[in-house]
Amino acid sequence: MTNPSHRWITQLDGSDLPDKALIGGKAWSIARMMSLGLPVPPAFVVTTEACRAFLRDGALPQGLPEEMATAIARLEQRTGRTFGHGMKPLLISVRSGAPVSMPGMMDTILNLGITKDTEAALVVECGDVRFARDVCALCTRRTPALL
């Protein structure tokens, strides 16, 4: 549902189906699955309006970082996990998505929030060292600047 006090981020919770032009095709599909009652992890979207503002101004729109922090805190609350630390780490995938798919879109970033500490916590939680190591390796291969 779109919160009017948030200008740049739309929370996806299954209560409505935001306009595809506002949230992009991938997020619209997630919102649609939620609206059908399918089990989809909680999500939020940085809107296409925020992208347009960034392209126009060459800087993050005013208020976006605070909205992002609020959206991540909401994910933490809904999942019982913590972003970037803790014994139950919250890992986030970042996906680009215009209303119509286009060549040259940014790569998907998987497992944003993985660190050496969260990798260790993942080993404890799932009991599978190889799985946790693969999660971390996948992340560091694709997005070394983010770690």
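**Reading a predicted model, feature by feature**

Me: Arginine 56 counts as exposed because its relative accessibility is 60%. With which residue does arginine 56 form a salt bridge?

Reply: Please note at the outset that the model is predicted. Exposed is the word for a relative accessible area over 50%, which is why the value of 60% places arginine 56 in that class. As to pairing, side chains of opposite charge can pair when their charged atoms come close. Here the partner of arginine 56 is aspartate 57, with 3.0 Å between the closest N and O atoms.

Me: How many salt bridges does the structure hold?

Reply: There are two salt bridges. Besides the pair just described, the side chain of glutamate 125 meets that of arginine 81, at 2.4 Å from N to O. This pair links distant parts of the chain, 44 residues apart. Glutamate 125 belongs to helix α5 (residues 116-126), whereas arginine 81 lies in the loop between α4 and β3 (82-83).

Me: How should I class the accessibility of glutamate 125 and of arginine 81?

Reply: Partly exposed covers values between the limits of 20% and 50%. Glutamate 125 has a relative accessibility of 35% and therefore counts as partly exposed. Arginine 81, at 23%, is also partly exposed.

Me: What pattern do the helices and strands follow along the sequence?

Reply: One reads the elements in sequence order. The protein has six helices and six strands, and their order is β-α-α-β-α-α-β-β-β-β-α-α.

Me: Which residues make up the largest nonpolar core?

Reply: For a core, one looks for nonpolar residues that are buried and joined through their side chains. In this case the largest core has 11 residues: Trp8, Ile9, Phe44, Ala50, Ala53, Leu64, Ala71, Ile72, Leu75, Leu90 and Ile92. Helices α3 (48-57) and α4 (64-79) each supply at least two of its residues, and α4 gives the most, with four. A second, separate core has eight residues, among them Leu12, Ala27, Ala31 and Val45.

Me: What is leucine 75 in contact with, leaving aside neighbours within four places in sequence?

Reply: Leucine 75 is in contact with Pro42, Ala43, Phe44, Leu90 and Ile92.

Me: Where does lysine 20 lie with respect to tryptophan 28?

Reply: Here one asks whether a charge sits over a ring. Lysine 20 lies over the face of tryptophan 28, at 4.8 Å from the ring centre. As for pairs of aromatic rings, the structure holds zero.

Me: What share of the protein counts as buried?

Reply: Of its 147 residues, 31% count as buried. The protein exposes about 9000 Å², and carbon and sulfur atoms supply 59% of that area.

Note on methods. Residues numbered from 1 in each chain as written. Predicted model: local features only at pLDDT ≥ 70, side-chain atom pairs only at ≥ 80, totals over all residues. Heavy atoms only, no water. Core = buried A, V, L, I, M, F, W, Y, C linked by side-chain atoms within 4.5 Å. Buried < 20%, exposed > 50% of the residue type's maximum accessible area, 1.4 Å probe, protein only. Contact = heavy atoms within 4.5 Å. Phe/Tyr/Trp six-rings, centres within 6.5 Å; stacked < 30°, edge-to-face > 60°. Lys NZ or Arg CZ within 6 Å of the ring centre and 35° of its normal. Salt bridge = Lys/Arg side-chain N within 4 Å of Asp/Glu carboxyl O. Areas by Shrake-Rupley, 256 points an atom, 1.4 Å probe, with all protein chains shown as cover.
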